[in-house]
Structure formats: structure tokens, C-alpha cells
Amino acid sequence: MKIWNALLAYVSAGLIVSIGFAVVLVPQASAQAKGTVIEEIVVRVNNSAITLSDIQKAEQSMHEEIVHDCQGCSPEKVDEIYKEKQKDLLRDLIDQALLVERSKDMGISVETDVVKRLDEIRKQNNLGSMEEFEKAVESQGMGWEDFKAQIRNSLLTQEVIRREVGSHINIPNEDVKKYYEEHQKDFIRPEQVALSEIFLSTEGKSPEEMASVEKKAEDLRNRVVKGEDFNEIAKHFSEGSTAKDGGVLGVFEHGQLSKQLEDIAFKMDKGQMTDVIQTKTGFEILKVEAHFQAGLQPLDKVENEIMNRIYSQKMQPTMREYLGQLREQSYVMVKPGYTDTAAVPGASVIQEVAPTPDASDKKTKKKLPKPKVNGQ
């Protein structure tokens with residue numbers, strides 16, 4: 001997997017799924033590498049700025065994301081999706097800037113997590129060292145520091161959302177039961193198993209190397225047996241495309257898995273793990289996350305699924321309410337000709353002051369009170 005796609009997949013799985021942000025992952029423009037470019041400021045967000053080149057880069061990376069996510073789509077379909085998402089692109093950039101600034105007010109640091117995320121992407125791309133990883137990033141036209149900044153900003157915004165929004169979304173048991181009763185047809189299913197995997201590839205390996213891969217798979221399985229988390233092991237060591245999601249493979253009915261895997265998986269109960277299984281392409285370890293018998297699934301089997309559905313329904317409006325409050329408490333100035341589709345009338349203004357000998361290039365910044373979510 002290319003570094004570009006790995007990072008797109010990482011950010012998409014975290015930030016975009018949560019709040020619908022545009023991805024702002026961009027290769028450095030060759031023109032910028034040749035000399036200084038005078039930036040046109042389009043938006044001021046408190047003491048930070050969004051420039052025209054930021055918008056252009058975001059548009060470019062958004063198009064890359066659409067092509068990556070909609071493989072096989074016609075150019076017309078890609079263009080249709082692009083135009084629809086482009087409407088809220090500036091809003092999303094402002095949202096991200098507000099959340100990053102909010103993280104500073106809250107004193108949030110994610111530097112340890114940045115290192116971990118970089119190492120995860122390095123391993124998923126089978127790169128031996130961080131120096132090799134840095135060269136691979138730069139070979140694709142991205143600046144290393146820009147690359148790290150994108151991951152840092154993603155982690156900061158996710159942490160703000162978790163603390164300030166997600167923690168305020170409560171789902172009473174009564175709501176879960178009501179949803180179950182009103183949507184029972186959604187839970188009438190054939191027999192299914194939900195699986196996660198740890199996969200080690202043997203493609204192109206010699207017999208001696210295959211033996212080494214098998215031993216590594218056995219060692220990983222033993223670590224889980226001794227108490228380590230299966231999904232964390234998968235995230236760090238699995239070589240499959242599911243590694244970034246902690247090895248989550250999906251939900252399968254009879255006939256959707258190879259017979260070799262089906263014969264094993266459908267005999268197992270929730271929480272059980274297979275031995276190391278040799279397949280045509282590598283060594284596989286499966287864990288049964290859930291086993292649903294045919295028919296109407298009992299509430300306790302689908303409770304987490306229902307809670308996730310209700311959470312998703314509540315997240316978007318709650319998130320927009322929170323971001324509206326941030327706008328009210330911030331200085332957001334948009335250049336004429338550009339539109340913030342989530343603009344809030346009467347936003348607060350920050351006064352700029354002349355620099356002093358001890359504080360050149362600094363502006364005053366108002367300390368923001370903690371926004372309220374749903375009145376809390």
C-alpha cells in the first residue's frame with residue numbers, strides 16, 4: 001500500500017467518519033519548493049489563517065480521497081461526488097482550525113500518539129526504519145513535517161471531539177429497547193459470524209522464510225492467549241488490509257468464506273480464537289467477535305450495534321451544535337467571495353494590536369469558555 005493511501009485510510013477511519021471533515025493531506029507543490037510564495041489569506045480563525053493554497057491543496061486531496069474510496073466509479077460519478085463535497089470544504093477547514101485551537105486551550109498533547117501512529121503506518125508499509133519511512137513520504141511529494149502535522153491535527157481534533165462531544169452523548173437503555181422493538185425486521189438474520197483476523201503473508205517467501213512466518217504467527221497467538229488484546233496485536237503486526245481497523249474482518253453468512261475458514265469459524269462461539277491456519281497466501285488467526293444464530297437476534301446480541309446506530313444519529317447534530325458555539329466564541333472572518341456554510345451571525349471579534357519589542361508578530365487572543373453541548 002502506498003504511503004498516500006495508508007494515510008488517507010487512517011484519517012478517513014478516524015476524523016472523517018466522526019464528523020465529516022474533508023481530508024487535508026497534500027503533496028507539496030513543486031512551485032513552493034522553488035521559492036517563497038506570497039499567500040492569499042481567505043479565512044482568519046482567531047490567530048490562525050486558512051490560505052488559498054490550503055483550500056487548493058484540500059480540494060486536490062479530497063479528489064484523491066474520492067478516487068481512492070470510489071474505485072471503479074466513472075469520471076462523471078467522481079465529479080458528482082466531488083462537487084457535492086466541495087460545497088462544505090471551507091466549512092470543514094474552519095471546523096478543523098477551530099478544534100485544533102480548542103485543543104491548545106485545553107492543553108491537549110498527542111505527541112506520544114503521533115509517534116505511535118507513524119510507526120503503525122511504517123509497519124503497514126513494510127518499511128524498516130523511520131528514516132526509510134521519511135524518504136518514502138518525501139518521494140511522493142509530501143513534506144515530512146507536513147505529514148506529521150496532519151496526523152497530529154487529526155489526533156487533536158479527535159480528542160477534543162471525544163472529550164467535548166462524545167462524552168456528552170448519553171444513550172439510555174430505554175432508547176435501545178425502543179429502537180429494537182421498532183426495527184426488529186433489521187435483526188432477523190441468517191446464521192452469521194463476525195470475525196477479526198491477524199494475517200501474515202507468505203507470498204514470495206522461501207520454505208525457510210515460511211517457517212519463520214508461521215513461528216511469528218504462533219508467537220502472536222500465544223501473546224493473545226496470555227492476555228494481550230487481539231485487536232491491538234492485529235493493529236501493530238497484522239499484514240492484511242484490515243490492520244488499520246484492528247483486524248476487523250466483517251460479518252459473514254454461510255457461503256461467503258472459503259470452505260476451509262467457514263468449517264472452522266461457524267463451529268466457534270463468541271470470543272473464541274482459532275489456531276494458526278495456513279492458507280494459500282499466508283497464515284491466518286481468526287477471532288469470533290460474535291456468532292448470530294438464524295432468526296430474530298435477541299436484544300443482548302445486537303445491543304452494541306443499536307447503540308452505535310443511535311450514537312451516529314446523535315453525533316452529527318450534536319457536533320454541529322458544538323462547532324456553532326465555538327464559532328460564536330471565536331473570531332472567524334471569511335474573505336468576500338467565499339462561503340462558510342456553517343457561519344454563525346454575531347461571532348465574537350478579536351482585536352489585533354500593534355506588535356511590541358517583546359511580542360512581535362503576536363496578536364491578542366481571547367480565552368474561550370468551555371462550549372456547552374446540549375445545554376450541559
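**Rings, a disulfide and a hairpin**

Mentor: Let's begin with two phenylalanines in this predicted model: Phe-133 is buried, and Phe-147 is buried too.

Trainee: Nice. Where do Phe-133 and Phe-147 sit in the chain?

Mentor: Phe-133 belongs to helix H7, residues 130–139, while Phe-147 belongs to helix H8, residues 144–164. They are 14 residues apart, and the pair links distant parts of the chain.

Trainee: Are the rings of Phe-133 and Phe-147 stacked or edge-to-face?

Mentor: Edge-to-face, because their planes stand at 90° and the cut-off for that class is over 60 degrees. The ring centres of Phe-133 and Phe-147 are 5.6 Å apart.

Trainee: And which residues form an aromatic cluster?

Mentor: Phe-133 and Phe-147 are joined by Trp-144 in one cluster.

Trainee: OK, stepping back, how many aromatic pairs does the structure hold?

Mentor: There are four of them. Phe-133 with Phe-147 is one of these, with centres 5.6 Å apart. Another is Tyr-180 with Phe-187, whose ring centres lie 5.8 Å apart.

Trainee: How are the planes of Tyr-180 and Phe-187 arranged, then?

Mentor: They meet at 25°, so that pair is stacked.

Trainee: Is Tyr-180 buried or exposed?

Mentor: Buried: Tyr-180 has a relative accessibility of 11%, and the label applies under 20%. Phe-187 is buried as well, with a relative accessible area of 0%.

Trainee: Switching topic: how many disulfides does the structure hold?

Mentor: One. Cys-70 and Cys-73 form it, and their sulfur atoms are 1.6 Å apart.

Trainee: Is the link of Cys-70 and Cys-73 left-handed or right-handed?

Mentor: Left-handed, with -55° about the S-S bond.

Trainee: What about accessibility, why does Cys-70 count as buried?

Mentor: Cys-70 counts as buried because its relative accessibility is 16%, and the limit is under 20%. Its partner Cys-73 is partly exposed, at a relative accessible area of 28%.

Trainee: Last one, the strands. In which sense do S1 and S2 pair?

Mentor: Antiparallel, over four bridges. S1 covers residues 41–45 and S2 covers residues 48–51. To pick out one bridge, Ile-41 has Thr-51 in S2 as its partner.

Trainee: And how many residues are between S1 and S2?

Mentor: Two, and the strands form a hairpin. Have a look at Asn-46 in the turn, which has a positive phi of about 55°.

Trainee: Great, I'll go through the hairpin of S1 and S2 on screen, then the Cys-70 and Cys-73 disulfide.

Key:
Residues are numbered from 1 along each chain as its sequence is written. This is a predicted model: local features need pLDDT of at least 70, side-chain atom pairs count only at pLDDT 80 or more; totals for chains, interfaces and linings use all residues. Side-chain values use heavy atoms; hydrogens and water are left out. Two strands pair if DSSP finds at least two bridges between them. A disulfide is a pair of cysteine sulfur atoms within 2.5 Å. Buried means under 20% relative accessible area, exposed over 50%, partly exposed in between (1.4 Å probe, protein chains only). Rings of Phe, Tyr and Trp (its six-membered ring) pair if their centres lie within 6.5 Å; planes under 30 degrees apart count as stacked, over 60 as edge-to-face and the rest as tilted.
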